[in-house]
4 protein chains.
Amino acid sequence: MGAIYGKEFIDRLDRLNNEIWFDGERIEGKVSEHPAFKGIIQTKAALYDLQHRPDIKDEMTFISPLSGERVGMSYLQPKSKEELQQRRKMMEHWARHTGGIMGRSPDYLNTVLMSFGASASLLSGKEHCFPERLQAFYELAREQDLSITHTFITPQVNRSPFYMEKEGEPIAAKIIEENEEGIIIKGARLLATQGGLTDEVLVFSAGRFPFEEEETFAFSIPSNTKGLRFICRDTFIGGESSFDHPLSSQYEEMDSIVVFDNVLVPWERVFYYKNAEAAGNFSTLNSFQHFAKHQALVRQMIKGEFVLGTAELLVQTINVKEYQHIHDKMSEIIIGLETMRALIERSENEASLDEFGIMRPAIIPLKVAGSVFSKVYPRFMEIIQLIGASGMITLPTEKAFDSPIRKDLDRYLQGASKPAEERVKIFRLAWDLTMSAFGTRQTQYERYFFGDPVRLVGDLYQTYPKNDYVETVSNFLQLEKNKE
Amino acid sequence: MGAIYGKEFIDRLDRLNNEIWFDGERIEGKVSEHPAFKGIIQTKAALYDLQHRPDIKDEMTFISPLSGERVGMSYLQPKSKEELQQRRKMMEHWARHTGGIMGRSPDYLNTVLMSFGASASLLSGKEHCFPERLQAFYELAREQDLSITHTFITPQVNRSPFYMEKEGEPIAAKIIEENEEGIIIKGARLLATQGGLTDEVLVFSAGRFPFEEEETFAFSIPSNTKGLRFICRDTFIGGESSFDHPLSSQYEEMDSIVVFDNVLVPWERVFYYKNAEAAGNFSTLNSFQHFAKHQALVRQMIKGEFVLGTAELLVQTINVKEYQHIHDKMSEIIIGLETMRALIERSENEASLDEFGIMRPAIIPLKVAGSVFSKVYPRFMEIIQLIGASGMITLPTEKAFDSPIRKDLDRYLQGASKPAEERVKIFRLAWDLTMSAFGTRQTQYERYFFGDPVRLVGDLYQTYPKNDYVETVSNFLQLEKNKE
Amino acid sequence: MGAIYGKEFIDRLDRLNNEIWFDGERIEGKVSEHPAFKGIIQTKAALYDLQHRPDIKDEMTFISPLSGERVGMSYLQPKSKEELQQRRKMMEHWARHTGGIMGRSPDYLNTVLMSFGASASLLSGKEHCFPERLQAFYELAREQDLSITHTFITPQVNRSPFYMEKEGEPIAAKIIEENEEGIIIKGARLLATQGGLTDEVLVFSAGRFPFEEEETFAFSIPSNTKGLRFICRDTFIGGESSFDHPLSSQYEEMDSIVVFDNVLVPWERVFYYKNAEAAGNFSTLNSFQHFAKHQALVRQMIKGEFVLGTAELLVQTINVKEYQHIHDKMSEIIIGLETMRALIERSENEASLDEFGIMRPAIIPLKVAGSVFSKVYPRFMEIIQLIGASGMITLPTEKAFDSPIRKDLDRYLQGASKPAEERVKIFRLAWDLTMSAFGTRQTQYERYFFGDPVRLVGDLYQTYPKNDYVETVSNFLQLEKNKE
Amino acid sequence: MGAIYGKEFIDRLDRLNNEIWFDGERIEGKVSEHPAFKGIIQTKAALYDLQHRPDIKDEMTFISPLSGERVGMSYLQPKSKEELQQRRKMMEHWARHTGGIMGRSPDYLNTVLMSFGASASLLSGKEHCFPERLQAFYELAREQDLSITHTFITPQVNRSPFYMEKEGEPIAAKIIEENEEGIIIKGARLLATQGGLTDEVLVFSAGRFPFEEEETFAFSIPSNTKGLRFICRDTFIGGESSFDHPLSSQYEEMDSIVVFDNVLVPWERVFYYKNAEAAGNFSTLNSFQHFAKHQALVRQMIKGEFVLGTAELLVQTINVKEYQHIHDKMSEIIIGLETMRALIERSENEASLDEFGIMRPAIIPLKVAGSVFSKVYPRFMEIIQLIGASGMITLPTEKAFDSPIRKDLDRYLQGASKPAEERVKIFRLAWDLTMSAFGTRQTQYERYFFGDPVRLVGDLYQTYPKNDYVETVSNFLQLEKNKE
């Protein structure tokens, strides 16, 4: 089978008939035709089609060693820096297609699964661990080009550091039983982006160690598994018009709460369970972080390019390029973008082979880039608002341009270098990127993409190799040998 | 007649049948029943009713010296610090009613007109100036409790400092003719908030001096004057449910472009025209700035209280009050709020009588407070997003709570100190305040309320009395007498 | 006796012959003639003289109810808002004399002692507490115009939150014995500013509750008490020339470590000891915070004025007032200064009588102002550096102007509006304020004046009355009554 | 001759007997023994010696194609990326020797001259231009390992954008005459770092185009040329003890005003003059920027390492590594450092051959890195102050440790992981780096290293290739072809 076309993705999804709840109602009929989902499903389908575009198909796919079929490049387990760069090229193609705005293009989760598969042997010989099943699932996904989502945030009931969930009915998803067929899960996970809109849901332990034994598991199940329920948040689609809502009409991915209502996970899909030590070990040592961050950062870099293009288009439209404060603001975007680019490049240059023969990009530049983007992206959004000023508010609709008052709009909303309709298009894009409900959700998404920024900087500080520098200074001061 | 009730406001507005264009269509029928406008009109009506609430009516109105009727306190021309504080109390009542979120509660423009009236004699004896008409209109508005909007931004075609509009068809509104009946205006003004939703439109010269003679005028005309057209931007109402859209369903004020299609302004409504010197003089010396800033800042202070309450409610709901970074963030809001409060108080303590016997609040603390708020408000919004984190995204709708999955929501979305439904209400409020299209427009509005922040700081620096401090330091250094 | 002249201060100090160690040597002879101390001692003497300047002596002193003599206004226990403002006027006079740069002008500690005295009855009837001795000492100090320092920081050995000092030889000062004559103290306190340069040292428990019993005490002893040792840090005086070092030559106050080498504190000077509960209670409830913050903030406000004058003098000297980024920077200083002013004023307007009949300034505006200044002052310093640019480096000395190359300096270092010598004076002042070892110590001092900023914001958040605002929002959302 | 040892540098300098004025006196005798200069001269001598250290001499020197001697690697004109990296290695060696703190290690100006030489043919065939003399001087400097300074800032008399120097006696250095022997220069230049402490002074036109013809020239002359005078600023050396002043005692480089008192520049040293067009062309197109920025940024990166080591040593000494705000601050340093590293690496990876066969590092990442460092370095300095807190003030001297009170210091100033003497050493280093007059001059130096930050961001914005991104967004919006 191998790399699919968009149509197969859509058909497969419609056939699954997942239990999706939206605005108090269960979705009936083809999800791909539902107003809240059709935009994102079409966009995703276009990404799958891109795998077969003649001029880039060699960059988007590779020959499966198993089947000889062309499979998605995002499934490639890189053995060399060249293969790492091949992966990057593929990610750039996909990211460019949506201006980096689709947070969960297929490569994200394909990459996650690829990295899990590549480190499967970390689970070898450990109790309640089944590396071969993980490997098998990786191959299955690659050969069938399965679409996947994942979920790892537990409900935000109480974020006090001293909080412990009370006994009784689980809130966070837990193993409540195991039997011959598999393990039974009850409880919820928060915020599966595109939850219900993929073939599979990958679920695994994450967050703070140590895990509770009952919350320790990793598995993947079809989205239509019995008892699995996706409860959508409100939609952030502003409307169907791509003039009025150039981004949300196409890229609103939806997030959902995933409820496990006594869901049976069959044994062949259980990768590990109830072995907190092995799970912690796997979490810490696998290459998930390296590859997931690499994919996300490449997408964010492309998004930075899209942001810069948008900002410059605003500047040109209202002709503010002589102002010194505009130079300041535009330079901030340029500096942010170039910083991302350099750090990603460095992570690739400094990549090294792990014990499984996988070429992992260097982690420190990726961590740094992740911290950088989570800070600069919200600032980019603010800059666009500051450049656009009152123009971000004066937003007539497509229908207004199609009405008797068009001549007024043409006259009074013209830009220095653009006719009114184009000017409004440009400002609506700037608005949809930064000020619509869709845009602000994007900001929040990028801000927290890699986790709580407070914890991220703690991790960066603790894992950064500082000793050489301490030693240099100690020598300079002729201190007794540094003991810490 | 005197201070009106909400019902009179609504009836009068419906009767006017102003030419309002929304989404490509002209509004037909009662504007007060149109989905895009009914929320704000109801809210504004409630404000008018508040003038008659027995427990505060003495604080909301005063006895007109002309008619002996109770008229709105916002029309009071204060002669003493006590009257200044009476004005403040009235503004606080109105602001509290909407959490400071309605930017153009009636007191704003009433105050503007009050200040114009109070300085009318600045126009006495000057060519093309009619101070008595201005005074008469102030009295008319006060006695009939007219609702008013104004507009003073010219179209943002080209913001280059070197740009001059080309000859020919005007873009910015201009006098194109004067005749026996009055002056004829052609062109547009940008961004009249509540444009079309008021009895009158007040139009006057503003912005950079010197004015062009043809762009120099001040007048007020009924909103239904022939040739006057209000072209609305897209609406930012998210929906009718006050659960889902607690703010936008009630407070979306709409902004419109005001088109003057050969509008005749009758002479009795012309306050001045084609006298750039007199207009500049009037702009510079009247008390508009003092009173308009005073009103706006009081409202913003009340909004700051509402923001603080919302933020603290989030903190309590998810129980994050032990975190040091939360202390930091909450303290930022507290500091911002208290700073506003202290500056406003100081402007009142340092108020002084002007040449017309009006007690003007001191301008420097008001300018400072304006600069402060335009910076802290966007930061407040960011802080709320940072406290709410992923909770700002997981937003089910009212209908979801009214459906079979309510039990899941009740379980998985409960907060540390709140049931799920209340928790969702709280987060939806936080979202509507900071992340909805309504909320982000509010942010942009507050950021630019007093004008371009870049120009505001220039003005603050230039007008601030620095000489004493320079002298002190010069004396300390025993410099020759400071010559600058 | 009453309010002293500078000469008495100096004579008294020289007679004490305190044990002061500086740069490895014990000070011998008159401390007032030692190069490291004479500048500050002269400056302080001038402040004492100011108490008798005919035109302001009524503002600097009041008639002692005890002796009928004129005593320092800083000892006045205010019973009304008028008296609070009298105190403020006195503080402004003293602060202006040094541009607010002397951190420990006499009013600071006089105020501390005044507030302790005013709350002495909090200690009444409690074990190991002697309120009458505290009252007596307050009166003694007032009548004799004693100069005082205090010290309350324990050595910074290990700031880990988990650190506990080991048994054995004390590091932080502790009671190691009590006998008929008094209590015996061993250990050290850090950072007594002007330590050794005052008549008395006031020592009391501070910092985190609960106190250890052995670290719980409050007393004052003469600086020349046996076993009391002041170990100075390195001096930050740049040199004697007031041209070259306009600030450090006069205002370097010195900080010292205070060592208690088995120091006997006689009973009549012990205010409390070994009663952690009473001490904690006293700390929490007395008016120290109110009055100490009030004094410090008034001084800081005056310093803000001096900073603004200095910055503006730079701007004029090199004529950069047209630049927009200069407007930005100067406005930041103006905004900071005006914010301080408004908050201090508000603390006075909202003052209220405590249970002892003392008019305490409101604490919330003072806390806010303290947080504000600790942030804006370092930024002010940065702004001056940014305005001065390379001019902050090109600093010839007084002797260079007194040499054959003066003509070159006159030519090449002239400013737009100043001759070279004045220009250099101005830049040297800017440098001494912001970049000399003296200036940077000032920055650090202001940054930490009120304690660790991290803890300060925690305290502000926790003590700020937020409930009304939470209630308002809860009502708006029609939540069940807020339970927290 | 080739690469010299330190002794030759010193001897040559002492023989020159340059006219240096310091603190109102002309330096007599050996400058290398003068207290204000001996530290820096010794340090620089050690750098020259480093060229011959056996283990790295191949990295520090290369074989001259002209003489066959080993000459300094900083003179290498790179033809390949490998040679570019060789240059970098050499720069790292030199920078590490001083923790990146010596701003003008010899490689800086050697690099400048190398880049000028490499682009000499830009001057070919142009009036008043002598490329062969420039080439000859480059070779001379390389073969004799001349030490050089340069100067390009004109006096800061009046920085108004509208300022024009008045006729008459020149202030900024100008050509006042030309004759058979050469051109005669009168006027001054500001801020030659190490002015008077080098063999040669390189002078060329810089700053804003277009140049005045009389201010257009490039030449190099021996520092002891008649009429050439170096007027030093005040010294920032705190004292001779390397315990007390670990940095200033060794690294204070001095800055001086360079006065040209009718200085004759002989024709063979004139590279161009009075050809503003050619000079402008040369300035714009040569590789000065690429290589000078490359050198400076490598040094700054090494300095960033030194800063990180110092900060971490503080953290360990007082054991504050558990605090979340410490993680934040330390991460800021890490992020800044890694960003620099990645950008420099990228500039090398993207290097390309210019028309003269020279491998220029890519300019955009260098410009970005320059903007980054000028912002993060002052923040690094602030972070160190915030970590050190009161410990930055409590600074006893070396002599105090050598006195009877040492036992008190040992006890009360010990750190969590360090004895008192080491702790004080560490804090004194932190202080000398960030708070001494030496340290703050370093901050100012780094802040302005590449020029006025305001102008730098303008340049970055204007030269950055944005078109592709604008095109992408235009295509996304299906705009008419972008016309700007």
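# A guided tour of chain A and its partners

Begin by selecting residues 280-477 of chain A, which the UniProt annotation "domain: HpaB/PvcC/4-BUDH C-terminal", from an unreviewed entry, covers. The model on screen is a predicted one. Within this span, 74% of the residues are helix and 2% are strand. Place a distance marker between the end C-alpha atoms of residues 280-477, and the separation should read 41 Å.

**The whole of chain A**

Next, extend the selection to the whole of chain A and show its secondary structure: 17 helices and 14 strands are present. Along the principal axes, the C-alpha atoms of chain A fill a box of roughly 75 × 75 × 50 Å. A compact globule with 484 residues would have a radius of gyration near 23 Å, and the 24 Å of chain A therefore agrees with that expectation. Of the 484 residues of chain A, 59% count as buried. Among contacts in chain A between residues at least 6 apart in sequence, 74% join residues at least 24 apart.

**Two domains**

Now colour residues 6-283 of chain A as domain 1 and residues 287-451 as domain 2, following the domain assignment. The C-alpha centres of these two domains of chain A lie 26 Å apart. Where they meet, 37 residues of domain 1 of chain A are in contact with 32 residues of domain 2 of chain A. On the domain 1 side, select α4 (81-97) and α5 (106-118) of chain A, each of which supplies at least two residues. α4(A) gives the most to this side, with nine residues. By class, the residues on the domain 1 side divide into 14 nonpolar, 14 polar and nine charged.

**From chain A to chain B**

Bring chain B into view beside chain A. Here 59 residues of chain A are in contact with 59 residues of chain B. To follow the chain A side, select β7 (182-193), β11 (255-266), α11 (363-388), α12 (398-401), α13 (406-412) and α15 (437-447), the elements that give two or more residues to it. The largest share, four residues, comes from α15(A). Colouring this side of chain A by class shows 29 nonpolar, 17 polar and 13 charged residues.

**Chains C and D**

Finally, select chains C and D. How can chain C be laid on chain D? A turn of 180 degrees with a shift of 0.0 Å along the axis achieves this, with an RMSD of 0.1 Å. The two copies are thus related as by a two-fold rotation axis. Moreover, 100% of the interface residues of chain C are also interface residues in chain D, so the copies meet through the same surface.

Definitions and conventions
Residues numbered from 1 in each chain as written. Chains lettered and ligands numbered in written order. Predicted model: local features only at pLDDT ≥ 70, side-chain atom pairs only at ≥ 80, totals over all residues. Least-squares fit on C-alpha atoms with pLDDT ≥ 70 in both. Contact = placed C-beta atoms within 7 Å. Nonpolar A, V, L, I, M, F, W, Y, C, P; charged D, E, K, R; others polar. UniProt positions renumbered as here; feature names shortened; annotations may be inferred. Rg over C-alpha atoms; globule rule 2.2 N^0.38 Å. Buried ≥ 20, exposed ≤ 12 C-beta atoms within 10 Å, placed from the backbone. Domains from an automatic or database assignment.
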